[in-house]
Amino acid sequence: MNARPEILMTNDAPLSAAPTVLQVTDMVKFYGKLQALRDVSFDVRRGEVVALLGASGCGKSTLLNIAAGLDSFDGGSLEIEGQPAAQFKQWHKLAYMFQEDRLLPWRTVRENVELGLETQALSRRARHQRAEHVLQTVGLGDFAQSWPHQLSGGMRSRVALARSLVVEPSILLMDEPFSKLDPYTRSQMHQELLRLQVASGATILFVTHDVEEAVVLADRIVLLEPRPGRVKQIVEVPLDRPRLPTDPDTAELTRQLRLKVTP
Ligand SMILES: Nc1ncnc2c1ncn2[C@@H]1O[C@H](COP(=O)(O)OP(=O)(O)O)[C@@H](O)[C@H]1O
Ligand SMILES: [Mg+2]
């Protein structure tokens, strides 16, 4: 693993005092006759890590797609940085990381990362530099010229993360991004993500069905229940970081929450 710059900066300001970045209010969504979301309300504050947690079919991906401006809704409202979504213009501040890594096999690692920058007016050289810099921050500085098929699952996941981060997003939306990784690699990615989050101050809203993942990563957990998707409870996670799944407090909160997740 490459040597990486140590992060000395910490964010000590209480998150509850931070401004609201994303406000979802009484969100309703239908797919034909099927109601996917019923009156879902929650907010995400600047610099916060929030999990949307629930079993399959709770409407987690639907909610994330709505928050990303990728999907419409049938009732309620979405505000981003204090503006109604319809008036929000700075969608480039949002990055979206999908469940699959979606790397293009015919592009090198660096070219995959540069994808995120191709809509921006940057010179080739500036794009290369930005991509190489972010690859270094995710520990893949030596793999810029490699091809996706030459990488392990964890490394591919890092490339996908780098592709999201290269646009320097202020809001990172992630849909079960680590669900296909083995437990050890997933745990590494969790710590990596938190390290990068502290360094960048980015706000993160992520989807998971994995209770432990939600407890390890999130400041707050929006627990959803299915048919139709709705909020069951919003849980603050008061534990210090880093949180290891084996820490007694982390394990206990995980156990308690597992009892609440509706299958
Ligand atoms: N494009 C779609 N067309 C019709 N039904 C959909 C579509 N997307 C999702 N659904 C339905 O909406 C519900 C919520 O789906 P989804 O948001 O994918 O849940 P989750 O991500 O929590 O598994 C499910 O019942 C799903 O079948
Ligand atoms: Mg989903």
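This report walks through a predicted model, from its overall build to its sheet, its ligand shell and a few unusual backbone sites.

**Overall build**

The protein contains seven helices and ten strands. Its C-alpha atoms fill a box of roughly 45 × 45 × 35 Å along the principal axes. The radius of gyration is 18 Å, and a compact globule of 263 residues would have a value near 18 Å, so the two agree. Buried residues account for 37% of the 263 residues. Contacts also reach across the sequence. Of those between residues at least 6 apart, 72% join residues at least 24 apart.

**The sheet and the helix across it**

Strands of a sheet pair through backbone hydrogen bonds, either parallel or antiparallel. Here, four strands form an open sheet, and the pairing is antiparallel. Their order is 2-1-4-5. Strand 2 (34-45) and strand 5 (83-84) stand at the edges. Each has a single partner strand, so one side of each is left without a neighbour in the sheet.

How many bridges link strand 1 and strand 2? Eight bridges join them in the antiparallel sense, with strand 1 covering residues 20-31. Within this part of the sheet, Phe 30 stands opposite Gln 35 in strand 2.

Helix 1 (residues 60-67) lies across strand 1, strand 2 and strand 4 (75-80). Its direction makes an angle of about 125° with strand 1.

**Around ligand 1**

The shell around ligand 1 draws on several stretches of the chain. Tyr 31, Leu 34 and Ala 36 belong to it. Gly 54, Ser 56, Gly 57, Cys 58 and Gly 59 are also in the shell. Lys 60, Ser 61, Thr 62 and Gly 229 complete the list. Strand 2 and helix 1 are the elements that give two or more residues. Which of the elements gives the largest share? Helix 1 does, with three residues. By type, the shell divides into four nonpolar residues, seven polar and one charged.

**Unusual backbone sites**

Most residues other than glycine have a negative phi, and most peptide bonds are trans. Four sites in this model depart from one or other of these habits, as the table shows.

| Site | Feature | Angle |
|---|---|---|
| Arg 227 to Pro 228 | cis peptide bond | omega about -10° |
| Arg 241 to Pro 242 | cis peptide bond | omega near 0° |
| Asp 39 | positive phi | phi near 50° |
| Glu 168 | positive phi | phi near 50° |

Where do the two prolines sit? Pro 228 is in the loop between strand 9 (220-225) and strand 10 (230-236). Pro 242 is in the loop between strand 10 and helix 7 (248-260).

Now the residues with positive phi. Asp 39 is part of strand 2, which is an edge strand of the sheet. Is Asp 39 buried or exposed? Asp 39 has 14 C-beta neighbours inside 10 Å, so it counts as partly exposed. Glu 168 lies in a loop instead, between helix 4 (153-165) and strand 7 (171-175). Glu 168 is partly exposed too, because 13 other C-beta atoms lie within 10 Å.

**Drawing it together**

Strand 2 recurs in this account. Strand 2 stands at an edge of the sheet, holds Asp 39 and gives two or more residues to the shell around ligand 1. Helix 1 lies across strand 2 and gives three residues to that shell.

Technical notes. Residues are numbered from 1 along each chain as its sequence is written. Chains are lettered from A and ligands numbered from 1 in the order in which they are written. This is a predicted model: local features need pLDDT of at least 70, side-chain atom pairs count only at pLDDT 80 or more; totals for chains, interfaces and linings use all residues. Two strands pair if DSSP finds at least two bridges between them. Two residues are in contact if their C-beta atoms, placed from the backbone, lie within 7 Å. Axes are lines fitted to C-alpha atoms, for helices over the stretch in contact, and angles run from 0 to 180 degrees between N-to-C directions. A residue is near a molecule or strand if its C-beta atom, placed from the backbone, lies within 6 Å of it. Ala, Val, Leu, Ile, Met, Phe, Trp, Tyr, Cys and Pro count as nonpolar, Asp, Glu, Lys and Arg as charged, and the others, Gly among them, as polar. A residue is buried if 20 or more other C-beta atoms lie within 10 Å of its own, exposed if 12 or fewer, and partly exposed in between; C-beta atoms are placed from the backbone. The radius of gyration is taken over C-alpha atoms; the globule rule is 2.2 Å times the number of residues to the power 0.38.
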